[in-house]
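Q: Could you take a close look at the aromatic pairs in this one? I'd like the ring geometry, plus how each ring sits with respect to the surface.

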Amino acid sequence: MALIVQKYGGTSVANPERIKNVARRIARFKAQGHQIVVVVSAMSGETNKLIALAREMQAQPDPRELDAVVSTGEQVTTGLLAMGLKAIGVDARSYTGGQVKVLTDNTFTKARILSIDEENIRRDLDAGKVVIVAGFQGVDADGNITTLGRGGSDTSGVALAAALKADECQIYTDVDGVYTTDPRVVPEAKKLDTITFEEMLEMASLGSKVLQIRSVEFAGKYKVKLRVLSSFEDEGEGTLITVEEDKNMEQPIISGIAFNRDEAKLTMLGVPDTPGIAYRILGSIADANIDVDMIIQNIGHDGTTDFSFTVNRGEYAKAQAILEKVKAELGAREIVGDNKICKVSAVGVGMRSHPGVASKMFKALGDEGINIQMISTSEIKISVVLDEKYLELAVRVLHRTFGLDQ
């Protein structure tokens, strides 16, 4: 008998028929003698509808009240799933994040989980019930409803699995596992049987939308056994995300090719080449809560240098406006920007023991006439910034170059 936490995303519970399918799946696990805790998202599209309603009332919705509104999406799903289970003879009980209680900080719309009181859940499990918890939400110390940011139900599922010391956390989604790259771009993409937390963290941060990055961080930190499965297929083992690579098997050098279209680049030309200049440029960007990804500073010449960095495309205009102010203070020559770029990355723990990955990657792109604008590396990844029009070609070429279609 195992304690399993199962998380079902919005497409898995998109309508009553799909919720009934989920109920039947849970019933099969229960019949095998397992204790089951289920975390659910709002029905597909529901959160967007609730946000749109809020924006009809207030152009920039008050964060506390927005959380009160959007958290209701998950509440609907928990109640419906509990009814679906009861209808087929499985005793179940639904909880909101606040009823559990999932204690978070008070950063509305992107709160972080601080602790989980699992007493009610354990009592219900011991009584033979299936426990259903609303994902994506919690309460702060003052009892205010909070939400964890988009995709936060993954984090709820992993956090509950960590608190309950569950045997496995199963993330059910509309794909049957983690692939070497997006099968919509490369039809030959292969499903991975296993992937390390490190690799999954890189894939998630680089644009792979299978899991929310915070959930992977959480799972790695608390050693939660994580598995990605399809809620539309009854067969298959999905992809197991493990703490470390299997030492008995020949590790592939590259596990996957990740990409992100939502990139934009800004360059400040003719910046004084003096100590502290990077802080003076990026400090104001950080103060505006804008995440910076890649950074490149050219070699100084005639007392000046050029400074480039990338941001999310949605924050491009905001970052550009901030730079215009900084430019005047620093006496820089010009600001140029490009919001038609993308990032493509090769990820794999096998890189640690195999030199020459970067040169192989650059040669493959060069042979296709694809110009590299920026490069960033870590121990297990190499990322390049390219003109957006080359994205799909670059992904296909690299997927083939590293033998991921074999």
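A: Let's fix the vocabulary before going in: a residue is buried under 20% relative accessible area, exposed over 50%, and partly exposed in between. Keep in mind that this is a predicted model.

The structure has three aromatic pairs, and two of them are worth walking through here. Start with Tyr-8 and Tyr-172, which are stacked, with 4.7 Å centre to centre and 10 degrees between the planes. Planes under 30 degrees apart count as stacked. This pair ties together distant parts of the chain: Tyr-8 belongs to strand β1 (residues 3–8) and Tyr-172 to strand β9 (residues 168–173), 164 residues apart. Both partners are tucked away from the surface: Tyr-8 counts as buried because its relative accessibility is 0%, and Tyr-172 counts as buried because its value is 2%.

Now for Phe-218 and Tyr-222. Their rings form a tilted pair, 5.1 Å centre to centre with 35 degrees between the planes. Here the two partners get separate labels: Phe-218 is buried, with a relative accessible area of 18%, while Tyr-222 is partly exposed at 44%.

For the wider setting, the chain carries 13 helices and 18 strands. Its radius of gyration is 23 Å, close to the 22 Å from the globule rule for 406 residues, so the chain is as compact as a globular protein of that length. Of those 406 residues, 50% count as buried. Residues 24 or more positions apart make up 75% of the chain's contacts with a separation of 6 or more.

Key
Residues are numbered from 1 along each chain as its sequence is written. This is a predicted model: local features need pLDDT of at least 70, side-chain atom pairs count only at pLDDT 80 or more; totals for chains, interfaces and linings use all residues. Side-chain values use heavy atoms; hydrogens and water are left out. Helices (H or I, at least four residues) and strands (E, at least two) are DSSP runs, numbered from the N terminus. The radius of gyration is taken over C-alpha atoms; the globule rule is 2.2 Å times the number of residues to the power 0.38. Buried means under 20% relative accessible area, exposed over 50%, partly exposed in between (1.4 Å probe, protein chains only). Contact means heavy atoms within 4.5 Å. Rings of Phe, Tyr and Trp (its six-membered ring) pair if their centres lie within 6.5 Å; planes under 30 degrees apart count as stacked, over 60 as edge-to-face and the rest as tilted.
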